[in-house]
Amino acid sequence: MRVALFIPCLSEHMFADSAMSMVKILDHLGIAIDYVEDQTCCGQPAFNSGYRKEIIPIAERFIKLFADHQYIVAPSGSCTAMVRVFYKELDIAAELKPALESLSRKIFEFSEFLVDVAGKTDIGGSFPHRVTYHDSCHLLRELGVKEQPRRLIRSIPDIDFVEMEKPDTCCGFGGTFSYKMAEVSLAMVARKCGYIEASGAEYVVGADSSCLMNIEGYLRKNNMRARALHIADLLAKSLNL
Amino acid sequence: MNLSPGNTKSYLHAALQNERLRVAVDKATQTALKKRQDKVDQIPVWEEMRWQAHAAKRDALEHLAENLETFEKNCQTNGIIVHWARDGEEARQIILRLMLEKNVKQVVKSKSLTTEELHLNHFLQDNGIETLETDLGEYIVQLLDQIPSHLTAPALHLTRVDVGKIFHEKLGVPYTEDPHELLQIARARLRQKFLAAEMGISGVNFAFADSGSFCVVENEANAFLTVSLPRIHLAVMGLEKLLPDQSGLGTFLKLLPISATGQKASSYVNFIGGPRRQRCGEGPEEVHVLILDNGRSRILADSQLRETLFCIRCGACLNVCPIYQQVGGHAYGWVYMGPIGITLIPQYLGSLEGRYAPFVSSLCGACHEICPVHINIPHHLLKLRHRIVDAGLSMKVEKWGIRGWAFLAKRPRLYRFVTWFPGKFQQLLPKETAFPAPGYFKKRALGRFDHTGFRNRYRTWRKKIISKG
């Protein structure tokens, strides 16, 4: 089994450690890794802000870049959803449509890939801490991934996993929404962090660095106890990779 | 109360400062959601019902033109007088003319969002016609000269303490916050008006082309009195409410109350099939239906966004919206609020006035997940955002920023160089300083850029792996 890495912007420039954790786990599980160095951004921030024309060439570039790979795996639900779900809404060149169709079937978010494709549900290791899980919106509602990350978390024998109240409530990030509607976004993350705090968890695990950046930003600034942890980081810590 | 969606940012700001409002809205929406979930859990075919309703609306709208003609013909057969209005102004003039002709001085109304679209109460009052809302929530917001803050619960933003004070101030009754007493106060006043009014105005939930009839769904029996006691009944109906027949109605009559208030069934479903008949001597002497377009046929013709007309106004998307829950309905600045509202605002009012509305969303999709007729609200919001940008209504700085970024994203070397820069630059800043994005940081820290970046880390790791063999 070979996978190509899709490293979204935030993972490249701010959360490279989490992306590296993903690499180490894939490697640990004996999955061969390709890294296409010429990848840039999938175009999601511009798309969500209403700019479609501008990202068509970027999407086309992405499709060509990854066309020949067996599987593509990303440490992000929302960037995966951008490629799998929303590229289809763009006026992509007709000759690339078959490649897009096939791409949308072979691109996966990391936890989804491990469970559904690689069939690895028993990672093991040790992480004796109380954790809770935040459903990121696009992962849950555009990709329908809910149980996969939870199965991976529960597979760590000594972990204390608790569900928070309303784990599927939006953290308020929403990309450019978080600065365009900064006040509303803050009110949303405040509420989310309240649920996290109430669960008594030391770590809130998620599959999207963007949500985790938003959540941890609020937790830190407001001296709350929990810390955010990418699911890849959790598994890597658990296995001591 | 004069609101405009163009001012939504200042309304949002004000709402977020209003702790009482936030508590009231949060409590009401959470209660409704919980009751809804309890009922949905008892219905194993809930998902199938949602798709059935979606298909029923889709089919009905596909044949709307023929259905409307059939509806008009059958209404006439039943003795219902049908009026057509292209827009709000035409609708108001038709209604006023009818009232002058029939010498109507007092009107009772049951809840109707479509008439809110027409600002009908103010218009009639300006023309010397007394108009009274008879739904309890509507009655309360009318006393305050406000518009409803929720599709099904107009006074959702108020607590019973608020209502007690409003009744005390506006009606001169002793203060009480006992819901039963408050209800009795309103009821006593409304009864007299029901008996005195010459006309009752209602909305329409579902209309049926094949029988020339329609129904009005409610819980307080005020609509029942509105459509049956006064001499004339006028129903104002958005043209998208029409179904070919009653075959899908059973599904809708489950989906609507469960989604709205978590009730298994509405307390009253009033079927109206014409005026009083010779044999049974009850009900109004005249029944009129005003079919309103007001932008709907434009949405109907728009294959990309037509789905937004499927809405049955249950309000579930408001209840579940993490933004609505904290700001209530007035922050959106129009009669339709919350997730479905922000899809309708730019479509009804135009891209300029509605240019902010589709951006009042984190695109989380909880609205789509809960919608009883499966409207994919977040996807429609994205299309609307696109149109607003296409119409040149986005900020210049954003437009050029995105163009610049798009230029770079096609050139990986240049992209890498430019995106490497902030990480390097941030290294020069004190440790707790994050990259500037105004507003974001008031109560949020932002992680620092990783100046090494994934690419370099990966290369190092790879080398190590290879050297290890």
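**Exercise 1. Cysteines**

Determine whether Cys41(A) is buried or exposed in this predicted model, and work out why the sulfur of Cys41(A) forms no bond with the closest cysteine sulfur.

*Solution.* Begin with accessibility: Cys41(A) has a relative accessible area of 4%, and because buried means under 20%, Cys41(A) is buried. Next, take the distance: the closest cysteine sulfur, in Cys9(A), lies 3.3 Å away, whereas a disulfide requires sulfur atoms within 2.5 Å, so this pair is too far apart for a bond. Then turn to Cys171(A), which is in no disulfide, the nearest cysteine sulfur being that of Cys211(A) at 4.2 Å; Cys171(A) also counts as buried, at 2% relative accessibility. Finally, a search of the whole structure returns zero disulfides over all chains.

**Exercise 2. The sheet**

Establish in what order the four strands of the open sheet are arranged in chain A, and which are the edge strands.

*Solution.* The order is E2-E1-E3-E4, with parallel pairing. Strand E2 (32-35) and strand E4 (107-109) each pair on one side only, and are thus the edge strands, while the twist from one strand to the next averages 35°. Within the sheet, E1 (residues 2-5) and E3 (residues 71-74) of chain A are joined by three bridges, and Leu5(A) has Val73(A) as its bridge partner in E3(A).

**Exercise 3. Helix H5**

Find how many residues of helix H5 (residues 77-86) of chain A are buried, and across which strands H5(A) lies.

*Solution.* Of its 10 residues, 10 are buried, among them Cys79(A), Arg84(A) and Phe86(A). At the start of H5(A), a side-chain oxygen of Ser76(A) comes within 3.3 Å of the backbone nitrogen of Ser78(A). H5(A) lies across E3 and E4 of chain A, at about 160° to E4(A).

Key: Residues are numbered from 1 along each chain as its sequence is written. Chains are lettered from A and ligands numbered from 1 in the order in which they are written. This is a predicted model: local features need pLDDT of at least 70, side-chain atom pairs count only at pLDDT 80 or more; totals for chains, interfaces and linings use all residues. Side-chain values use heavy atoms; hydrogens and water are left out. Buried means under 20% relative accessible area, exposed over 50%, partly exposed in between (1.4 Å probe, protein chains only). Helices (H or I, at least four residues) and strands (E, at least two) are DSSP runs, numbered from the N terminus. A polar contact is a pair of N or O atoms within 3.5 Å; within protein, one must be able to donate a hydrogen and the other to accept it, and residues adjacent in sequence count only if both atoms are side-chain atoms. Two strands pair if DSSP finds at least two bridges between them. Axes are lines fitted to C-alpha atoms, for helices over the stretch in contact, and angles run from 0 to 180 degrees between N-to-C directions. Contact means heavy atoms within 4.5 Å.
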